[in-house]
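Hi there,

Here is the structure I promised to pass on. Have a look, and my notes follow underneath.

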Amino acid sequence: MFPEVAHELPLLQNLNPEQKAAVTLPNEHALILAGAGSGKTRVLTTRIAWLLSTGQISPGGVLAVTFTNKAAKEMMTRLGAMLPVNVRGMWIGTFHGLCNRFLRAHYKLANLPQSFQILDTQDQLSAIKRLMKQFNVDEERFPAKQTQWFISGNKEEGLRPNMVEVRSDEDRKKVEIYQLYEDQCNREGVVDFGELMLRSYELLRDNDPIREHYQRRFRHILVDEFQDTNKLQYAWLKMLAGPESSVLAVGDDDQSIYAFRGARVGNMADFVREFEVKHQIKLEQNYRSFSNILDSANELIAHNKTRLGKNLRTDQGPGEPVRVYEAPTDLAEAQWMVEEMRHLVRGDGPEGSMERKEIAVLYRSNAQSRVIETALFNAAVPYRVYGGLRFFERAEIKNALAYLRVLENPNDDTSFLRVVNFPPRGIGARSIEQLQDAARVAGCSLHDAVSATTGKAGANIGAFVAKIDVLRERTAGLTLREIIEQVLQESGLVDHYKAEREGADRVENLEELVNAAESFVTQEGFGRDAVALPIDEHGTMLRQSPASQGLDPSLPEVILRHAQDDRTAPDYVPPDAETGETLSPLAAFLTHAALESGDNQAQAGQDAVQLMTVHSAKGLEFDCVFITGLEEGLFPSERSMTEYEGLEEERRLMYVAITRARKRLYLSYSQTRLLHGQTRYNVKSRFFDELPEGALKWLTPKNQNFGGSAFGYGSGYPSTRTSNYSRDTTPSFANPAVPVQKAAPAHGLRAGMKVFHTKFGEGTVLSIEGLGDDARAQVNFPRHGIKWLALSVAKLTPVT
DNA sequence: CCGCCAGCTGTTTTT
DNA sequence: CAGCTGGCGG
């Protein structure tokens, strides 16, 4: 089948010209600049479906990579709905998930045990702490957190210890720790997230047959959220893309909000240059929001200097104006919001009632959720907070997993230490230290060092190890469910939490772990996350029986034909090519737990208002969105304001926030906010000055001061108490010039003001605290940095 | 060895 | 304000 025919495929119906162009691109590198709400995921999945159904590629030739499991799952679901193809056999997954799959397949070449386990961020930190203690590294000078950041940062740059540039003694020490950490991980047979990526990259780089095989295999590489890729991920993609491959990168530079964790928007420009990209398509048609919302987003983001350039448009009308609200306090802001929501849900607004789950409250930092939660709770409005600990990160779950990991791999010292005295069994720091010394001398794991330890100190530990070893023997041959049940019992975890006053939830979670394992086995089919390729270490593919290729028999003939040629698209766990050894269900489940940390909160099904940070809202959409705390120092955040780059990222963050809304958008801020136990006086965010006045509707007068005047809830509905202002609903509402009635503090300073100091020169007020003689201002002086100044002493004069 | 209390430190997050 | 960590006392 050829493109002319393909154009008639039902797949391509209802795509706009740009989308269609993107979906049917020739097999060459391409960059799709996909604006918010422009149907990005649809284009990606349709592209894959189109390639498959026109016979241009077989399922095994596709590699599609995302950042989150959620995105990967969505892609597979949507693809599965479009084509009767077994999506599990394709390489669709997260960067780390795919690297895991790759390393499992080539564990020998990667120098890893077949059942290597993955350290999450917590595990990594405790491994580093342990190591630093052991080597007497001064934790004052080298905080473990900072060391962790150093190590992961370098891995993400693709740098091994010997490649890190050393510019000071401190650097030298850090590199030394980095090296020791690597040795420790290798000894224990564990890898961290960065290692999954880095080792995959190096294996591809250093092994020609392997690289060439995968390059030949993956003729189509599709990358989602390309603007979020870091240096190593980019290098990895470059390594996988062969002369015959075409890379389709989809991204939006305006939605790059993860620079703080190593994402390089510059990868987009590099990609265009280094891959000699021939096709660049902009998806600017937005299917999500009304134009008042979209115009606001467009005008705001236009204030950024470094952009590839893109403007969203919509066919929908202006819709409602963007409502702006100023509150005297953070509590008042929250209460107003709750009141507003009740109207929306009750349905006395213009467009009928709204579901609670279609209302989202966004904020810059998690700390802001507290006041809002209080207000919602008091008003008995159901709500759900995103963020916080995910299922597999909870302490009780991590403890259970640690037992399981020690069963699977006795050399996993991190896990060993986590549970050696939990539940408490009389093993103290003293005995553990002894054990660690013994292990270091013998150059073995803690587990193996036990037999060498003698005396009283060793007795308890000996009992522990014996218990683990017995458990390992006894659970051999049992199902995953049975293994976990046994471990939960025999470890004493369940009993321990049952005895605890508030342990009921934890016991429940442990039971939930059994369920999770059960559904992992039945639904997922164990080990499917760890499908290895039937290829030997010379890069020779091993032939599979067609029946085992996991293909739906109802597939279009053309796909089947291709699939039969493709010997590397199985959907089951292939054994090791030499020994026939395969990953145990337990090891597979542990991998799953590390790579997919699970949902973060229960009661997902309930119709509840959604609370989350702007970051976690990325990729989601809601009928109604409240963006709260739009204050200088909060959003944009204080820390970002010193550098221009930082401010641009804050602006992109705001852009992401605005574009989450479909129908209704509220922006609010408060003059006063309780932060770190102190009242802070804030001014409204500069972002307000960057929005189109015509699209906004101020529910409170601009710059209103709340010095005692009666303050009504400006809900915008005629039926409720309103302020005297802004009752009309026309989108092009021009704000009347309201006289600024200021009861300004004696010093007359506000955050955001430029001031002059006789010694430090000109600076910007970041915040003001305290009243009267206690009043202090935090001022950022370009020359001298950020200073706190007592206003009764320092003479600051405003600069105009 | 366990529990308590003082002191500190507070963006954003996925894997 | 609050949650967490680490140090110290029982």
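To start with a small puzzle: does Asn 111 count as buried or exposed? Asn 111 counts as exposed, at 65% relative accessibility (buried is under 20% relative accessible area, exposed over 50%, partly exposed in between, with a 1.4 Å probe and protein chains only). Its phi is near 65°, a positive value in a residue other than glycine.

Some ground rules: this is a predicted model, where local features need pLDDT of at least 70, side-chain atom pairs count only at pLDDT 80 or more, and totals for chains, interfaces and linings use all residues. Residues are numbered from 1 along each chain as its sequence is written, chains are lettered from A and ligands numbered from 1 in the order in which they are written, and side-chain values use heavy atoms, leaving out hydrogens and water.

Now the DNA. Around DNA strand B there are 32 residues (near means a heavy atom within 4 Å), and the closest are Arg 364, Arg 390, Gly 428, Thr 613 and Ser 637. Sugar or phosphate accounts for 55% of the strand B atoms within 4 Å of the protein, and bases for the rest.

His 676 is worth a look: a side-chain N or O atom of His 676 is 3.5 Å from a base nitrogen of DNA strand B. His 676 also has a positive phi, near 50°, and counts as exposed at 72% relative accessibility.

Lastly, two cis peptide bonds: Phe 422 to Pro 423, with omega about -5°, and Phe 635 to Pro 636, with omega near 10°.

Best wishes

How values were computed: A polar contact is a pair of N or O atoms within 3.5 Å; within protein, one must be able to donate a hydrogen and the other to accept it, and residues adjacent in sequence count only if both atoms are side-chain atoms.
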